[in-house]
Amino acid sequence: MNEITITLPDDLHLHFRDDDMLGETVPATARCFGRAIVMPNTVPPVRNAAEAQRYKERILAARPAGSNFEPLMTLYLTDRTTAADIAEAAKAGIKAVKLYPAGATTNSDAAVTNIDALGPVLEALEANNMLLLVHGEVTDAHIDIFDREKEFIDQRLGPITQRYPNLKLVFEHITTKDAADFVLSAGANIAATITPQHLLLNRNDLLVGGVRPHNFCLPVLKRNTHQQALREVVATGSNKFFLGTDSAPHEQSKKENACGCAGCYSAWAALELYTQIFDDLGALDKLEGFASFHGADFYGIPRNKGSVTLIKESWTLPESITLPNGRPIIPFMAGSEVEWKIKSINN
């Protein structure tokens with residue numbers, strides 16, 4: 001197959017950042033996605049409905065002229081989040097809240113330090129039919145970084161799903177066979193997003209031949225057996241897995257230093273790379289479900305009306321992109337050949 005048309009997809013997990021960065025990140029995503037679930041770990045974080053509305057207005061101001069792209073806002077859970085905050089967010093149309101264990105990833109220092117104390121908040125999410133989006137890693141210093149996702153499943157996620165059986169939960173950017181198996185064995189209220197980097201790469205691509213900072217993300221890339229498990233599960237077409245890029249931009253200087261930031265800026269070619277992955281797996285017929293249907297259905301939002309047509313034609317990702325502030329950013333897979341290309345978009 002050399003051409004494929006799918007319903008306009010959604011990116012159900014990404015980071016736009018804020019301020020000047022929006023002039024780059026919003027158009028890059030709006031070019032081919034109808035909607036996006038926007039992560040709230042800005043500086044300062046988005047903690048309530050009023051802050052979410054102000055952030056949404058800044059994102060909308062950065063949309064390209066004529067674009068119908070819609071940002072779907074989330075709240076950042078802290079130890080001070082209340083059930084009243086959740087009820088207010090639900091009234092404002094906010095679909096989800098994000099649980100970061102404090103210290104787990106970028107701008108998570110103000111996040112939750114005691115998951116066990118979240119009971120009233122999780123009950124409010126259930127009552128208001130809002131989703132809990134989970135960065136699933138423990139942060140205990142003695143736990144190996146490659147084991148932190150599995151430990152989170154055993155220590156935290158399993159108990160949460162048992163205690164709140166009606167809570168809709170997205171296990172974000174899963175990286176292991178353990179996580180895929182957990183989601184598959186869970187009820188219909190549990191789903192997961194999978195990123196392009198965790199389907200394309202494994203920890204060899206981070207460490208062999210020297211540290212490659214632009215492949216550094218959190219959760220960190222795992223061994224190739226876990227990568228293969230994720231590739232196999234998306235090829236099944238299971239509706240429990242859907243597209244979430246976790247596109248996470250950082251200036252080049254913040255990636256290439258002694259304490260480089262975590263995140264892969266994949267928005268420039270995410271849809272094309274997913275298409276390449278599904279083609280490699282002999283599963284192009286499963287791409288539309290993964291990219292356009294499963295996530296919308298799980299969130300309870302209408303499927304998009306438009307479409308995207310891609311053709312099998314190679315092109316080369318730029319080595320660098322200039323941000324609105326004049327500084328460079330290195331896109332995910334910079335300088336690589338991509339085998340699929342967007343031909344047309346019908347909104």
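**Sheet and cores at a glance**

Leu 132 stands opposite Leu 169, a residue of strand 8. Welcome to a predicted model, in which local features need pLDDT of at least 70 and side-chain atom pairs count only at pLDDT 80 or more, while totals for chains, interfaces and linings use all residues. Residues are numbered from 1 along each chain as its sequence is written, and side-chain values use heavy atoms, with hydrogens and water left out.

**The sheet**

- Six strands (DSSP E runs of at least two residues, numbered from the N terminus) form an open sheet of 6 strands in the order 5-6-7-8-9-10, with parallel pairing (a pair needs at least two DSSP bridges).
- Strand 5 (74–76) and strand 10 (241–243) are at the edges with a single partner strand each, so one side of each has no neighbour in the sheet.
- From one strand to the next, the twist averages 30° (axes are lines fitted to C-alpha atoms, for helices over the stretch in contact, and angles run from 0 to 180 degrees between N-to-C directions).
- Strand 7 (residues 131–134) and strand 8 (residues 169–171) run parallel, joined by 3 bridges.
- Helix 5 (residues 148–163; helices are DSSP H or I runs of at least four residues) packs on the sheet and touches strand 7, strand 8 and strand 9 (190–194), contact meaning heavy atoms within 4.5 Å.
- The direction of helix 5 makes about 175° with that of strand 8.

**The cores**

- The largest nonpolar core has 90 residues, and Leu 132 and Phe 171 are among those with the most contacts inside it (a core is a set of buried Ala, Val, Leu, Ile, Met, Phe, Trp, Tyr and Cys residues joined through side-chain atoms within 4.5 Å; buried means under 20% relative accessible area with a 1.4 Å probe, protein chains only).
- Helix 11 (residues 270–280) gives this core its largest share, 6 residues.
- A second, separate core of 17 residues includes Leu 12 and Phe 298.

Definitions and conventions. Buried < 20%, exposed > 50% of the residue type's maximum accessible area, 1.4 Å probe, protein only.
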